[in-house]
Amino acid sequence: MTNDKKQEILISLKFQLLNFTKKDFMEAYQSADDFKDLLYGILYVIKEESSFFALDDDMLDKIDEVNNELRFIYPDAESRNLGNMILRNLAAIRNLTQEEKDELLIPYITDQLMLRRYHMAGKNFTISLSQFLNLLSFDYVVYDGLVNQQYEYFFQECGFLSSTNSFLTSWPELYRQNPEFLNVTKEIIQQSLHTKNENSDHKQYKKLAHDTLHQIQQYERS
């Protein structure tokens with residue numbers, strides 16, 4: 001599997017798991033093959049970022065509901081085996097003590113924020129769980145917006161800076177294969193620096209924006 005495919009699966013499924021309702025999943029996965037793709041995808045995210053599933057118990061409940069509903073509609077042996085593997089993995093996460101969860105989550109969140117250079121926001125920087133989940137979700141919003149040339153959600157969003165920094169490190173092929181994505185990213189960030197920021201503290205935003213532009217310059221030189 002190419003890194004392109006890996007990253008697309010990771011960001012799209014994390015977005016869905018955090019934001020889709022049960023009804024959304026039912027509408028998005030309307031065949032036995034689609035259901036298998038979903039199950040394989042969830043197992044891949046578990047393999048790559050198991051700590052992600054310790055972030056939100058409601059997400060685990062939603063996976064159980066979707067799995068139970070769709071395995072009843074598509075009751076073949078492969079789907080049943082995949083679904084059981086997911087249930088066992090999620091049960092192991094549910095059974096962790098809070099201390100054990102913290103041991104998973106603290107390095108996961110720290111690594112994600114460092115990857116996104118979000119720790120540059122200041123010495124007294126704090127982030128809530130909901131804000132962190134929004135950062136993870138915004139990765140797919142950025143990717144989808146770049147592909148479809150819909151940038152209205154990007155302007156002056158710290159989430160856009162976060163995702164850009166993440167992609168520069170974990171998914172450099174995205175910009176290498178689509179140089180127009182990098183050009184429009186630079187234009188959006190540069191324009192935002194000259195416009196009053198209504199979405200976040202302007203001083204904080206400017207620090208993040210300048211740092212992200214520096215990372216883009218480093219990427220272009222590499």
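Visitor: Patches are made of residues with over 30% relative accessible area and no salt bridge, like charges being joined within 9 Å. Which residues gather in the patch of negative charge on the surface?

Guide: In this predicted model, whose residues are numbered from 1 along each chain, local features need pLDDT of at least 70, side-chain atom pairs count only at pLDDT 80 or more, and totals for chains, interfaces and linings use all residues. Side-chain values use heavy atoms, with hydrogens and water left out. The negative patch brings together E99, E100, D102 and E103, where Asp and Glu count as negative and each charge is placed at CG of Asp or CD of Glu.

Visitor: Where does E103 lie, and is E103 buried or exposed?

Guide: E103 belongs to helix 6, which covers residues 98–115, a helix being a DSSP run (H or I) of at least four residues, numbered from the N terminus. The side of the question about cover is answered by a relative accessible area of 54%, which makes E103 exposed (over 50%, whereas buried means under 20% and partly exposed lies in between, with a 1.4 Å probe).

Visitor: On to charge pairs, then: how many salt bridges does the structure hold?

Guide: The structure holds nine salt bridges, each one a side-chain nitrogen of Lys or Arg within 4 Å of a carboxyl oxygen of Asp or Glu. One of them joins the side chains of E69 and K22, with 3.3 Å from N to O. This pair links distant parts of the chain, since E69 sits in helix 4 (residues 57–73) and K22 in helix 2 (residues 22–28), 47 residues apart.

Visitor: Are E69 and K22 buried or exposed?

Guide: Neither word fits, as E69 is partly exposed with a relative accessible area of 32%, and K22 is partly exposed too, with 31%.

Visitor: What does R94 form a salt bridge with?

Guide: R94 forms a salt bridge with D61, and the closest N and O atoms of this pair are 2.8 Å apart. R94 is in helix 5 (residues 77–94) and D61 in helix 4, so the pair ties together parts of the chain that are 33 residues apart in sequence. With 32% relative accessibility R94 counts as partly exposed, and D61, at 36%, also counts as partly exposed.

Visitor: And how does D64 meet R94?

Guide: The side chains of D64 and R94 also meet in a salt bridge, with 2.9 Å from N to O. Because D64 lies in helix 4 and R94 in helix 5, this pair ties together parts that are 30 residues apart in sequence. D61, D64 and R94 are thereby joined into one network by salt bridges that share partners. As for cover, D64 is buried, with a relative accessible area of 16%.

Visitor: Changing topic, what does S166 touch?

Guide: Not counting residues up to four places away in sequence, S166 touches L115, R116, D139 and W171, where contact means heavy atoms within 4.5 Å. S166 is part of helix 8 (residues 158–170), and its 4% relative accessibility counts as buried.

Visitor: What about T212, which residues is that one in contact with?

Guide: Leaving aside neighbours within four places in sequence, T212 is in contact with L161, T164, N165 and I189. T212 has its place in helix 11 (residues 202–221) and is buried, with a relative accessible area of 0%.

Visitor: Backbone next: what is the phi of Q149?

Guide: Q149 has a positive phi of about 55°, although Q149 is not a glycine. Most residues other than glycine have a negative phi. Q149 is located in the loop between helix 7 (129–148) and helix 8, and is exposed, with a relative accessible area of 61%.

Visitor: Last one: how far apart in space are the C-alpha atoms of S192 and F154, and those of E65 and A32?

Guide: The C-alpha atoms of S192 and F154 are separated by 9.6 Å, with their positions 38 residues apart along the chain. S192 is placed in helix 10 (residues 179–192) and is buried, at a relative accessible area of 0%. For E65 and A32, which are 33 residues apart in sequence, the C-alpha to C-alpha distance is 17 Å. E65 has its place in helix 4 and counts as partly exposed at 42% relative accessibility.

How values were computed: Patch = residues over 30% accessible without salt bridge, like charges linked within 9 Å, V, L, I, M, F, W, Y side chains within 5 Å. Areas by Shrake-Rupley, 256 points an atom, 1.4 Å probe, with all protein chains shown as cover. Helix = DSSP H or I, 4+ residues; strand = E, 2+ residues; numbered from the N terminus.
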